[in-house]
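Student: I have a new structure open and would like to learn how to read it. Could you walk me through it?

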Amino acid sequence: MKLLQSLIMALKSILANKLRSFLTMLGIIIGVAAVIILVGLVGGFSNNITSSFARLGANTINVMIMRGKTVTVKDIEGFALEHGEFFSAYTPNVSMGNATIKNRTDSLTTNVSGVNELAEQIDSIELAAGRFICYLDCESQRRVCVIGSYIAKELAVGLGDSIRINGYHFDVIGIKEQKDGGTASSADDVVYLPYTTTARLGRSQVSNYKLLVEDLNKINEASDILSDYLVEATGSENNFRIISAQAMTDTVNELTGTLSLVLVGIAGISLLVGGIGIMNIMIVSVTERTREIGIRKSIGAKQRDIMSQFLIEAIVTSALGGMLGIAVGAGLSVPLGKLMGLTAAVSPTAVSIAFGVSAGIGIIFGYFPALRAARLNPIDALRYE
Amino acid sequence: MIDFCDVYKIYQMGDYAVHALDGVSLHIEEGEFVSIVGASGSGKSTCMNIIGCLDEPSYGQYILNGRDVSHLSSNELANIRNRMLGFVFQQYNLIAKLNVLENVELPLLYQGVSSAERHARACESLARVDLSDKLKNLPSQLSGGQQQRVSIARALVSQPKVILADEPTGALDSKTGQDVINLLRQLNQEGHTIVLITHEENLAVQAKRMVRLSDGKIVEQCVMENSASF
């Protein structure tokens with residue numbers, strides 16, 4: 001018998017029992033949809049994190065010195081100069097954490113960091129007005145600041161105006177060009193101060209640095225050299241941490257990879273349950289249609305004709321379920337992602353794997369009932385009521 | 001055409017053996033119309049199952065159309081049922097969700113006949129039993145007599161050597177039952193070999209030859225005088 005005939009026969013039989021077929025498919029639909037949605041969401045989550053790391057600058061290396069011997073700004077400067085082939089700029093990075101910014105009446109909280117004049121190059125800062133912090137600002141601990149466009153807009157301050165940061169007066173000497181949509185918590189919601197000023201007001205030592213590696217290919221080598229230097233300078237590799245966007249991205253990718261494996265595994269269990277559902281209903285269907293099988297056998301159906309009839313029915317059921325699952329998964333991924341603040345994308349790999357698995361489930365779980373049907377004795381089957 | 005040489009069929013029922021067929025030798029020529037008659041339990045159903053290649057003898061030989069079919073694989077038996085035999089059952093045994101035409105096409109489907117030829121041959125076969133106007137009906141929309149005619153059309157469609165009718169009138173009233181028997185007789189006159197299994201004497205005597213089974217043995221064989229007068 002031709003394959004096309006078997007397919008038509010299978011579709012007819014599935015359509016003859018619409019509700020039952022749909023309920024049978026439901027397990028597969030849910031499983032496939034879950035795989036696609038979860039892969040999409042984890043993908044969106046991972047993209048989110050990766051892009052926020054990219055904002056840190058792909059070719060910068062951040063250093064945190066936590067304990068051990070002090071590493072001064074001069075030490076880092078010397079190191080960067082010595083390895084000029086890797087490092088083209090450095091800046092201390094003194095964070096005030098979330099500081100309160102106030103003009104006369106309005107106030108907001110934002111991330112304030114103390115940097116030197118090279119931060120302009122390292123963070124690729126472009127100014128809409130005024131100038132960036134200069135060497136002399138740092139040397140003489142001037143109370144000047146460069147603000148992001150979001151802050152300028154929110155607090156309605158312009159060049160030359162005075163604002164208060166944690167109560168201290170600062171003059172606005174530069175306003176950053178809008179770069180990141182001009183919203184809160186974006187790259188436009190920042191304040192830069194001279195690092196010396198920040199360190200003194202915060203009564204803190206300089207312990208964080210940011211170094212620029214011009215050549216992205218050298219970034220791993222550069223962080224190795226830096227690490228060797230800091231082991232010597234601080235006394236132990238436990239006394240500092242080196243964070244590059246690259247390394248963080250790698251870590252996050254590893255993490256989300258594991259996460260998606262676990263989630264897909266859970267979704268896989270639901271596919272398995274769906275497969276068992278298919279097997280169950282196929283066994284019922286074989287029993288119900290024992291007489292039909294007997295009739296078909298008596299007029300000349302061979303074992304493989306009966307086998308392929310039921311196997312194809314199982315495969316068509318689960319493949320149809322798979323397709324519906326893909327439709328549901330693809331349809332829900334994006335809105336669910338939005339709900340969770342993620343940009344979920346439907347992964348073609350996940351779609352093709354999910355479809356392949358669902359068709360495979362039809363074969364695996366349809367095989368046993370189909371074999372049972374094929375092996376029925378025609379006399380007993382004909383006599384079955 | 002059909003040759004039974006000392007055929008036995010023995011079922012093991014617990015401790016003792018039941019001889020459903022106990023040394024049956026039977027010869028049926030091409031073009032004959034033979035009825036096999038007997039009370040229930042006489043072994044006629046077993047006989048029919050073996051003639052129909054649905055079952056195999058425990059001992060003895062069954063030669064169908066010159067070929068020993070006593071011990072073939074299930075696929076070879078399926079092939080023989082498909083091409084050499086046509087079945088007419090008491091319960092019609094039509095597939096309920098297929099329409100009349102599809103039911104009649106089914107044996108050809110398993111032969112791998114192309115759809116155009118299937119359609120043509122099924123229509124021809126249904127015309128033979130006067131059901132050309134019911135092609136798209138489902139079996140449930142037909143009367144019992146009509147359903148039995150569909151099953152005769154299905155038996156005819158693969159141009160079998162033998163048509164096996166197993167109590168074909170059992171579910172019909174006597175008038176419709178007689179119509180079915182008349183149809184079988186007509187087919188016989190056209191050259192089809194027919195084996196009719198029944199427990200009703202008045203139907204059995206309408207065949208050309210009657211074979212009586214009792215306790216798995218042939219107890220009587222007679223040629224009917226009236227057979228030519230139809």
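Student: How many residues of chain B are in contact with chain A, and how many of chain A with chain B?

Tutor: Keep in mind that this is a predicted model. In it, 25 residues of chain B are in contact with 24 residues of chain A.

Student: What is the area buried between chain B and chain A?

Tutor: The size of an interface is often given as the accessible area lost when the parts come together. Here the area buried between the two chains is about 2,200 Å². Carbon and sulfur atoms give 56% of that area.

Student: How many salt bridges does the rule find across the interface?

Tutor: A good thing to look for is a Lys or Arg side-chain nitrogen within 4 Å of an Asp or Glu carboxyl oxygen. The rule finds two such salt bridges across the interface of chain B and chain A. In one salt bridge, the side chain of B:K97 meets that of A:E292, at 3.3 Å from N to O.

Student: Which helices of chain B each supply at least two residues of the side that touches chain A?

Tutor: They are α2 (74-84) and α3 (100-111) of chain B. The largest share comes from α2(B), with six residues. Sorted by character, the residues on this side of chain B are eleven nonpolar, eight polar and six charged.

Student: Now for the sheet. What is the order of its strands in chain B?

Tutor: Strands of a sheet pair through backbone hydrogen bonds, either parallel or antiparallel. In chain B, the order is β2-β1-β4-β5, an open sheet of four strands with antiparallel pairing. The edge strands are β2 (16-28) and β5 (67-68) of chain B, and each of them pairs on one side only.

Student: Where does helix α1 of chain B pack, and which strands are touched?

Tutor: Helix α1 (residues 44-51) of chain B packs on the sheet and touches β1 (2-13), β2 and β4 of that chain. The direction of α1 makes about 120° with that of β1(B).

Student: How many bridges join β1(B) to β2(B)?

Tutor: Ten bridges join these antiparallel strands. To see how they line up, find B:F4, which stands opposite B:L26 in β2(B). The two strands form a hairpin with two residues between them, and B:G14 in the turn has a positive phi of about 65°.

Student: And how many bridges join β4 to β5 of chain B?

Tutor: Strand β4 (residues 59-64) of chain B is joined to β5(B) by two bridges, and this pair also runs antiparallel. Look for B:L64, whose bridge partner in β5(B) is B:R67.

Conventions: Residues numbered from 1 in each chain as written. Chains lettered and ligands numbered in written order. Predicted model: local features only at pLDDT ≥ 70, side-chain atom pairs only at ≥ 80, totals over all residues. Heavy atoms only, no water. Contact = heavy atoms within 4.5 Å. Buried area = accessible area lost by both parts, 1.4 Å probe. Nonpolar A, V, L, I, M, F, W, Y, C, P; charged D, E, K, R; others polar. Pairing = 2+ DSSP bridges. Axes fitted to C-alpha atoms, helices over the stretch in contact; angles between N-to-C directions.
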